[in-house]
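Here are my notes for you to read alongside the structure. Keep the viewer open and find each residue as we reach it.

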Amino acid sequence: MTVPVFGQIDPPQRLLMGPGPVNVHPRVLRAMSADMLGQFDPEMTTYMNETMQLYREVFMTRNRWTFLIDGTARAGIEAALVSLLQPGMTVLIVRAGRFGLLLSEIAERIGADIRTIDLEWGEVASLDTIEAAFREHKPRVFACIHGDTSTTTAQPLEGLGDLCRKYDVLSYVDATATLGGMPVDVDGCGLDIVTAGLQKCMGGPPGSSPVTISDRAAEHIFSRRHVEKGIRGADAEDGYGTRISSNYFDLAMVMDYWSERRLNHHTEATTMLYGARECGRIMLEEGLKNRFNRHRAAGAAMTAGLRALGLEVYGHDAYRMTNVTGVWIPGGVNGEAVRRRMREDFEIEIGTAFGPLAGRIWRIGAMGYNAMKHKVLLTLGALESVLAAEGYATPRGAGVDAALVVWNQVLPEALKD
Ligand SMILES: *Cc1c(COP(=O)(O)O)cnc(C)c1O
């Protein structure tokens, strides 16, 4: 049997208005089509250093250790946790959605002593709740999700750093879904390790995970560097010192690779580096404030449009992410049939949901290159038509009109302050 010569890759022109991945900025695609360089070519190491500089701005930090982990966002999560945690070390994890559960699943594989703040999906943990849990569990590490796309909710991060320092806790935050769309103020909030991905608000493809690491977290990670397997470090009593159990995700080795010493580890994923660098450049050209406002306008317009169609938006207004909106599927409407018609008739993808929200909400994103007025309006117009076809009568035209009013007001007003 001979293998058929399949067609060239030529994907349909879908508009990806789900919770990610999203359409990639054309400039990023162009950057990614450039040819390879040798790993230690001065041009390549210059690009690496420039990428570190760009992502310091993106993460709003002065952290020296700001670089890329090769792999999807989950690679960043795993690298952070496996480099911070070791068997028996106490970690406190906020679980209020799918990705909080992922953190504890990874910590469990590491053999950490897991304590949790378990909340209803879509709730957030207050500083008081976190402090009470610090007193009770005495963790070494605290881990949470910033924006959890499974619930469209953003955990407030303000004040976390001071609290963690007071209790001598290192913090880890997964900001995959918010970086580039909502402020991820690493230094302002005093966060120790923050990781992300490109395929949400950064407007890039999946496959690279930007990370930033505070000096004190780096010190902890480096303290695990030269310890022979099975031999505990000098201050093992405090839970420091065993060797990081992953080679690929050993952040001490990855930092050595990104340092001036350029100690060989993996081969930096050259194409992803080009893409990540371009995502960073685009973000800084636009300006952080403009970019956050653009996402805010898109989210506000989407929300207003959905409400004008008579739909109920999921979650607390005070904690909803600006860049992905959950909406309850109205009674009697087949959620999957709507998603299929959106795709087949309009080439628009909207998201389904997981866990307790599966089959109950759609998730509609407007992230990165897709946080644009016409894309929000097209999505609302298409949804209105599809809902009507599925037997749900909407006030025709109301969604687009409401979104248009909000966009034309919210953005100009937001840009003023
Ligand atoms: C989308 C998302 C991820 C995705 O990880 P990948 O490995 O890139 O699929 C992780 N965390 C959060 C909070 C996300 O929203």
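1. In which helix is Gly280 found? Gly280 sits in helix H10. Before we go on, remember that this is a predicted model. Have a look at how Gly280 is placed: its relative accessible area is 0%, so it counts as buried. Leaving out residues up to four places away in sequence, Gly280 touches Leu54, Tyr55, Val58 and Met202. Its C-alpha is also 9.7 Å from that of Leu198, although 82 residues separate the two along the chain.

2. Now stay with H10 and look at its partner. Two packed helices are described by the angle between their axes and the distance between the axes. For H10 (residues 270-286) and H11 (residues 288-308), the angle is about 95° and the axes are 5 Å apart. That makes the two helices roughly perpendicular, because angles from 65 to 115 degrees fall in that class. On the H10 side, the residues that meet H11 are Ile282, Met283, Leu284 and Glu286. On the H11 side they are Leu288, Asn290, Arg291, Phe292 and Arg294. Sorted by class, this contact has five nonpolar residues, three charged ones and one polar one.

3. Go back a little, to the loop between helix H9 (251-258) and H10. Two residues there deserve a look. Arg262 lies in this loop and has a positive phi of about 50°, though it is not a glycine. Most residues other than glycine have a negative phi. Arg262 also counts as buried, at 15% relative accessibility. Ala269 is in the same loop, between H9 and H10, but is partly exposed, with a relative accessible area of 25%. The C-alpha atoms of Ala269 and Gly207 are 9.0 Å apart in space, with their places 62 residues apart in the sequence.

4. Two more backbone details for your list. Asp168 is not a glycine either, yet its phi is positive, about 55°. You'll find Asp168 in the loop between helix H6 (160-166) and strand E8 (170-174), where it is partly exposed at 49% relative accessible area. Then there's the peptide bond between Gly20 and Pro21, which is cis, with omega about 5°. Most peptide bonds are trans. Pro21 belongs to the loop between strand E1 and helix H1 (26-31).

5. How many disulfides does the structure hold? The count is zero. Take Cys164, which is in no disulfide: the nearest cysteine sulfur belongs to Cys144 and is 8.6 Å away. Cys189 has its closest cysteine sulfur in Cys144 too, at 10 Å, and that is too far for a bond. Both residues are buried: Cys164 has a relative accessible area of 0%, and Cys189 has 8%.

6. Next, try helix H13 (residues 373-389). Its 17 residues reach 25 Å from first C-alpha to last, close to the expected 24 Å. Its buried residues include Lys375, Val376, Leu377, Glu384 and Leu387. What do the buried residues of H13 pack against? Their partners are strand E1 (15-16), H11, helix H12 (335-346), strand E12 (348-349), strand E13 (361-365) and helix H14 (398-416). After H13 comes Gly391, with a positive phi near 90°.

7. H12 can be read in a similar way. This helix has 12 residues and reaches 16 Å, close to the 16 Å expected. Gly335, Ala337, Val338, Arg339 and Met342 are its buried residues, and they pack against E12, E13 and H13.

8. Last, compare two residues by their surroundings. Is Thr325 buried or exposed? Thr325 is buried, with a relative accessible area of 2%, and it lies in strand E11 (residues 324-328). Beyond its neighbours within four places in sequence, its contacts include Thr152, Gly299, Met302, Val313 and Trp362. Val124 is in the loop between strand E4 (113-118) and helix H5 (127-137), and it is buried at 18%. Leaving aside neighbours within four places in sequence, Val124 is in contact with Leu119, Thr153, Ala154, Gln155, Pro156 and Tyr319. Gln53, 71 residues from Val124 along the chain, has its C-alpha 32 Å from that of Val124.

Terms used
Residues are numbered from 1 along each chain as its sequence is written. This is a predicted model: local features need pLDDT of at least 70, side-chain atom pairs count only at pLDDT 80 or more; totals for chains, interfaces and linings use all residues. Side-chain values use heavy atoms; hydrogens and water are left out. Axes are lines fitted to C-alpha atoms, for helices over the stretch in contact, and angles run from 0 to 180 degrees between N-to-C directions. Helices (H or I, at least four residues) and strands (E, at least two) are DSSP runs, numbered from the N terminus. Angles under 35 degrees count as roughly parallel, over 145 as roughly antiparallel, 65 to 115 as roughly perpendicular and the rest as oblique. Contact means heavy atoms within 4.5 Å. Ala, Val, Leu, Ile, Met, Phe, Trp, Tyr, Cys and Pro count as nonpolar, Asp, Glu, Lys and Arg as charged, and the others, Gly among them, as polar. A disulfide is a pair of cysteine sulfur atoms within 2.5 Å. Buried means under 20% relative accessible area, exposed over 50%, partly exposed in between (1.4 Å probe, protein chains only). The expected span of a helix is 1.5 Å times one less than its number of residues.
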